[in-house]
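Biologist: Please choose one part of this structure and look at it closely for me, and then work outward from there, explaining your reasoning as you go.

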Amino acid sequence: MADVKDEDIVAIGRVLNDENRPLKERFRALFTLKNIGGKLAIDQIEKGFNDPSALLKHELAYCLGQMQDTQALSVLIKVLKDKTQEPMVRHEAGEALGAIGDSKVIPILEEYSKDPLPEVAETCELALRRLQWLDDPASTKEKLSKNPYASVDPAPPCEMKSIDELKIILLDENESLFNRYRAMFALRNIRTDESTIAIAEGLKAGTALFRHEIAFVLGQLQEEVSVPYLKESLVDEKENEMVRHECAEALGAIATEDCLEILNKYLEDEKRVVRESCIIALDMCEYENSSEFQYADTLSEIVS
């Protein structure tokens, strides 16, 4: 999005931060700002961290990480430190710090890898391991599969192995979380029904953080074979809301009739983050089943 005027960026920011706007419009504004990039876009995104929606704030942090702009570091550190923010928001801020990949955040990640909230502590430990891996000269010699998606992942895929070998690592509770994530992303990059099912079995394993990342990866894959697994976790009201929300969004990405039906059932869920995720997921379904470009509305449509 070259040659976007400052006043357009500010106008898009107003849409993002207008609580009276439908959530799907605010998400589109967010992804537009992410694609524009730069300090002014980051400033507009930062304003959203005062919003009451944990789902929106978590997505703000995610986008700042994916932008990989060091100008966002101070914003993300502030969010990570803010214990009034929801755990899923602080977790996403920690992950984003790892995604940006600047070693100067190592001290703050070390500090919060001891946070009392497991979602935050585990995320910061993962981010530290990612930064260490990036700084290790041996990492450049690893034979890694290519990421077919545009995402900056919290861990690199592990070196090429069979699906069975990767599945053993993925589901091994005694293995480090970093290595289990590496196996997860290696399985994702294979992109077969067999590798997708291997990943989906992770929805019954590990911590809430691990299971939420499993659901995110299944959403990237968009394979119908994972729908029963995602549905089972979404309907389980005892499951962590962070996991259920990610399952809803994954179902929205897959966008079959079955997905639409289950998402509509949970639009009135007790958990706000689940309700809102179903709203966004249904918007994703609409996109997946149409010829529209995702979040690529013209600027005039976004700010109107």
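Modeller: What follows begins with one helix and its two ends, and then moves to other places in the chain.

Please keep in mind throughout that this is a predicted model. The part I would choose is helix α4, and the reason for choosing it lies in the nonpolar core. The largest nonpolar core has 99 residues, and those with the most contacts inside it are L64, L76, L109, Y181, L230, L234 and L263. The element that gives the most to this core is helix α4, made of residues 54-67, which supplies 9 residues. This fits a broader pattern, since in soluble globular proteins nonpolar side chains tend to be buried together.

Just before this helix comes S53, which is found in the loop between α3 (39-46) and α4. Being in a loop does not put S53 on the outside, because its relative accessible area is 1% and it therefore counts as buried. Once neighbours within four places in sequence are left aside, S53 is in contact with R272 and E276.

Within the helix itself, Q66 deserves attention, as it lies in α4 and is buried, with 15% relative accessibility, which is under the cut-off of 20%. If residues up to four places away in sequence are not counted, Q66 touches K34, A150, S151 and V152. For a sense of scale, the C-alpha atoms of Q66 and I254 are 22 Å apart in space, while 188 residues separate the two in sequence.

At the far end we come to Q68, placed in the loop between α4 and α5 (73-81). Its phi is near 55°, a positive value in a residue that is not glycine. That is worth noticing, because most residues other than glycine have a negative phi. Unlike the buried Q66, Q68 is partly exposed, with a relative accessible area of 40%.

From S53 we can follow a thread to another pair of helices, for E276, one of the residues that S53 touches, also takes part in the meeting of two helix axes. Those axes belong to helix α2 (residues 23-36) and helix α16 (residues 272-288), and they come within 9 Å of each other and cross at roughly 70°. Because angles of 65 to 115 degrees count as roughly perpendicular, α2 and α16 are described in that way. On the α2 side the contact is made by L23, K24, F27 and R28, and on the α16 side by E276, I280, D283 and E286. Sorted by kind, the residues of this contact comprise 3 nonpolar, no polar and 5 charged.

Returning to the core, Y181, which is among its residues with the most contacts, has a set of neighbours that can be listed. Apart from residues up to four places away in sequence, Y181 touches L126, P154, A155, L209, F210 and E213. L209, F210 and E213 fall within helix α12, whose residues are 208-221. At 1.5 Å a residue, the 14 residues of α12 should span 20 Å, and its end C-alpha atoms are indeed 20 Å apart. Of these 14 residues 13 are buried, so α12 is largely enclosed by the rest of the structure. After α12 comes Q222, with a positive phi near 55°.

Helix α6 (residues 87-100) can be read in a similar manner: it has 14 residues and reaches 20 Å from its first C-alpha to its last, close to the 20 Å expected. In α6, too, 13 of the 14 residues are buried, so this helix is largely enclosed. The residue that follows α6 is G101, which has a positive phi near 80°.

One further turn of the chain recalls Q68, namely R191, found in the loop between α10 (177-190) and α11 (193-200). Phi of R191 is near 60°, again positive in a residue other than glycine, and R191 counts as partly exposed at 46% relative accessibility.

Finally, for a contrast with the buried S53, consider P116 in the loop between α7 (106-112) and α8. P116 has a relative accessible area of 68%, and because this is over 50% it counts as exposed.

Methods
Residues numbered from 1 in each chain as written. Heavy atoms only, no water. Core = buried A, V, L, I, M, F, W, Y, C linked by side-chain atoms within 4.5 Å. Buried < 20%, exposed > 50% of the residue type's maximum accessible area, 1.4 Å probe, protein only. Helix = DSSP H or I, 4+ residues; strand = E, 2+ residues; numbered from the N terminus. Contact = heavy atoms within 4.5 Å. Expected span 1.5 Å × (residues − 1). Axes fitted to C-alpha atoms, helices over the stretch in contact; angles between N-to-C directions. Parallel < 35°, antiparallel > 145°, perpendicular 65-115°, else oblique. Nonpolar A, V, L, I, M, F, W, Y, C, P; charged D, E, K, R; others polar.
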